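Please open the model in your viewer and keep the sequence panel beside it. The tour below goes from one selection to the next and says what to look for at each stop.

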Amino acid sequence: MTLEELEQTIREEVGVLLYFSGEHCSVCHALRPKFKEVFDENFSQLKQIYLDAHENPEISAHFQVFSVPTMIVFMDGKEFAREGRSVSLHQLTEQLKRPYGMMTE
């Protein structure tokens, strides 16, 4: 996926979760299935995109991702939430529930 395609997806979708990880990041690999499960269950209309930060340096730099894992949630084309390094899935879920509900009703 190119940066241009990604930006177009962010503009066109109700919401997008960008999950930046790395091949050698054990935390990234442990968190990814948990995020997928929670987002599939609670935020099914958010498009989930998983990117290796090292394989996509232009995209990582554009979104100012300097460490992994980093999760960025876009709603209505704008960055709404960002979690990095010490990630709280519960905190992010709670932060998204109300606005997601308002956007998808």
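Which residues of α4 are buried? Select helix α4, residues 89–104, and the buried ones, with under 20% relative accessible area where over 50% would be exposed and the range in between partly exposed (1.4 Å probe, protein chains only), are L89, L92, T93, L96, P99 and Y100. Before going further, note that this is a predicted model, in which local features need pLDDT of at least 70 and side-chain atom pairs count only at pLDDT 80 or more, while totals for chains, interfaces and linings use all residues. Residues are numbered from 1 along each chain as its sequence is written, and side-chain values use heavy atoms, with hydrogens and water left out. Helices (H or I, at least four residues) and strands (E, at least two) are DSSP runs, numbered from the N terminus.

**Helix α4**

Stay with α4 and show its neighbours: its buried residues pack against α2 (26–42), β2 (46–52), β3 (70–75) and β4 (78–84), where contact means heavy atoms within 4.5 Å. The end C-alpha atoms of α4 are 21 Å apart, which agrees with the 22 Å that its 16 residues should span at 1.5 Å a residue, the expected span being 1.5 Å times one less than the number of residues. Now centre on K97, where α4 bends by about 35° and is followed within four residues by a proline, P99; the bend at a residue is the angle between axes fitted to the seven residues ending there and the seven starting there.

**The sheet**

Next, colour the strands, which form an open sheet of 4 in the order β2-β1-β3-β4, with mixed pairing; two strands pair if DSSP finds at least two bridges between them. Because β2 and β4 stand at the edges with a single partner strand each, one side of each is left without a neighbour in the sheet. Direction ignored, neighbouring strands of this sheet are turned by 15° against each other on average.

Zoom in on β3 and β4, which pair in the antiparallel sense over 6 bridges. F74 has E79 in β4 as its bridge partner, and M75 has K78 in β4. The two strands β3 and β4 form a hairpin with 2 residues between them, and D76 in the turn has a positive phi of about 55°.

**Helix α2**

Which strands does α2 touch as it packs on the sheet? They are β1, β2 and β3, and the direction of α2 makes about 165° with that of β1, with axes being lines fitted to C-alpha atoms, for helices over the stretch in contact, and angles running from 0 to 180 degrees between N-to-C directions. Helix α4 also packs on the sheet, touching β2, β3 and β4, and its direction makes about 165° with that of β4.

Select α2 by itself: its 17 residues reach 25 Å from the first C-alpha to the last, close to the 24 Å expected at 1.5 Å a residue. A kink of about 25° lies at R32, shortly before the proline P33. The buried residues of α2 are C28, L31, F35, V38 and F39, and they pack against β1, β2, β3 and α4.

**The disulfide**

From C28, turn to C25, since a search of the whole structure finds 1 disulfide, a disulfide being a pair of cysteine sulfur atoms within 2.5 Å. C25 and C28 form it, with their sulfur atoms 2.3 Å apart, and the link is right-handed, with 80° about the S-S bond. Both C25 and C28 are buried.

**Three strand residues**

Select S21, in strand β1 (residues 15–21), which is buried with a relative accessible area of 11%. Leaving aside its neighbours within four places in sequence, S21 is in contact with C28, L51, D52, A53 and V68.

Move along to G15, also in β1, which counts as buried at 2% relative accessibility. Beyond four places in sequence, the contacts of G15 are Q45, L46, K47, F74 and M75. G15 and G77 are 62 residues apart in sequence and 7.2 Å apart in space, C-alpha to C-alpha.

Finish at Q48 in strand β2, which, leaving aside neighbours within four places in sequence, is in contact with L17, K36, F39 and D40. The C-alpha atoms of Q48 and F35, 13 residues apart along the chain, are separated by 9.6 Å.
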